[in-house]
Amino acid sequence: SFGPPHAQYPQITQQFSVRRSLPSTSLLMKRLGNILKISSSAIFLFIVFPILLHSAIHDWHKGKTDFAAFYSAAGFVVITLVFSFREILSHLYNWYAPEVQKFVVRILFMVPLYSVQSWLSLRFHGPARVYIDTVRDLYEAYVIQSFVYYLIELLGGEDRMAALLSRKDSHYGNHGRFLTTVFRMKRWRMGRDFLLKIKHGVLQYVVVKTISSLFVTFVFLPSGIYGEGKFSWSSA
């Protein structure tokens with residue numbers, strides 16, 4: 001006997017109802033994302049990569065080895081950008097666990113940032129490279145903080161983490177004989193107190209890293225006392 005579709009195929013009917021409930025803009029963005037993925041890969045393989053390869057060989061015949069390295073490295077940078085942004089777009093289009101995925105997206109942005117920064121360092125030397133490295137250092141501090149919060153969310157959130165840590169042995173809160181004797185550091189209580197002190201330590205690193213990077217870029221470098229790779233009392 002023939003019954004209504006929802007009675008015979010409930011899973012199929014449910015799937016189509018979910019698809020209809022999705023906003024049209026979301027479906028449009030997913031299709032646009034697929035088009036961008038395919039088009040960017042095709043542009044790189046058939047246009048960008050041959051041009052970079054030809055330019056690198058041409059400069060190599062002229063003896064410009066530094067420019068040859070610059071062009072060849074650009075090819076790998078483009079590959080990195082294509083794959084990393086494809087991964088980031090996949091998370092944004094499938095935003096099912098935002099409390100965890102927001103930290104994943106922040107961490108994934110390190111890949112294009114580091115690749116472009118390393119590539120630009122091949123071309124720009126001297127003081128310009130310090131400014132480029134500052135952007136990387138600032139984002140690195142931000143990602144370390146995001147990674148800690150990502151682990152906390154991945155393990156169930158702060159409340160669950162505090163409950164898990166409270167069941168651990170108390171010796172994990174010790175700091176060793178040296179820190180306890182010299183700096184009079186007390187044992188951390190396992191649980192929420194232990195978790196908060198870890199978060200405070202990570203945030204302190206973020207603040208110190210940010211301040212030191214800004215001081216090097218905007219204070220030590222213009223004053224001429226910044227010496228990278230030098231160990232002396234007259235240079236920072």
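## Rings, helices and one histidine

Guide: Let's start with H91 and Q101, whose side chains are joined by a polar contact of 3.2 Å. Bear in mind that this is a predicted model.

Visitor: What makes the link between H91 and Q101 a polar contact?
Guide: The cut-off for such a pair of N or O atoms is 3.5 Å, and the H91–Q101 distance comes to 3.2 Å, so the pair falls within the limit.

Visitor: Which residues does H91 touch, leaving aside those up to four places away in sequence?
Guide: Q101 again, plus V104, V105 and L108. H91 itself sits in helix α4, which covers residues 65-93.

Visitor: Why does H91 count as buried?
Guide: Buried means under 20% relative accessible area. H91 has 18%, so it makes the cut.

Visitor: And how many aromatic pairs does the structure hold?
Guide: There are 6. One of them is F103 with Y149.

Visitor: Why is the pair of F103 and Y149 called stacked?
Guide: Two numbers settle that one. The ring centres lie 6.3 Å apart, within the 6.5 Å allowed for a pair, and the planes are at 20°, under the 30 degrees for stacking, so "stacked" is the right label.

Visitor: What makes F103 and Y149 a link between distant parts of the chain?
Guide: F103 belongs to helix α5 (residues 98-108) and Y149 to helix α7 (residues 127-154), with their positions 46 residues apart in sequence.

Visitor: How do you know whether F103 is buried or exposed?
Guide: Its relative accessibility is 7%, and buried means under 20%, so F103 is buried.

Visitor: Which label, then, fits the pair of Y131 and F218?
Guide: That one is edge-to-face. The centres are 6.3 Å apart and the planes stand at 65°, which is over the 60 degrees required. Y131 lies in helix α7 and F218 in helix α10 (residues 192-223), so this pair ties together parts 87 residues apart in sequence.

Visitor: Why is Y131 called partly exposed, and why is F218 called exposed?
Guide: Exposed starts over 50%, and buried is under 20%. Y131, at 39%, falls in between, so it is partly exposed. F218, at 55%, passes the upper limit, so it counts as exposed.

Visitor: What does the secondary structure of the protein chain come to?
Guide: It comes to 10 helices and 0 strands. Of the 236 residues, 25% are buried. Among contacts with a separation of 6 or more, 58% come from residues 24 or more positions apart.

Conventions
Residues are numbered from 1 along each chain as its sequence is written. This is a predicted model: local features need pLDDT of at least 70, side-chain atom pairs count only at pLDDT 80 or more; totals for chains, interfaces and linings use all residues. Side-chain values use heavy atoms; hydrogens and water are left out. Helices (H or I, at least four residues) and strands (E, at least two) are DSSP runs, numbered from the N terminus. Buried means under 20% relative accessible area, exposed over 50%, partly exposed in between (1.4 Å probe, protein chains only). Contact means heavy atoms within 4.5 Å. A polar contact is a pair of N or O atoms within 3.5 Å; within protein, one must be able to donate a hydrogen and the other to accept it, and residues adjacent in sequence count only if both atoms are side-chain atoms.
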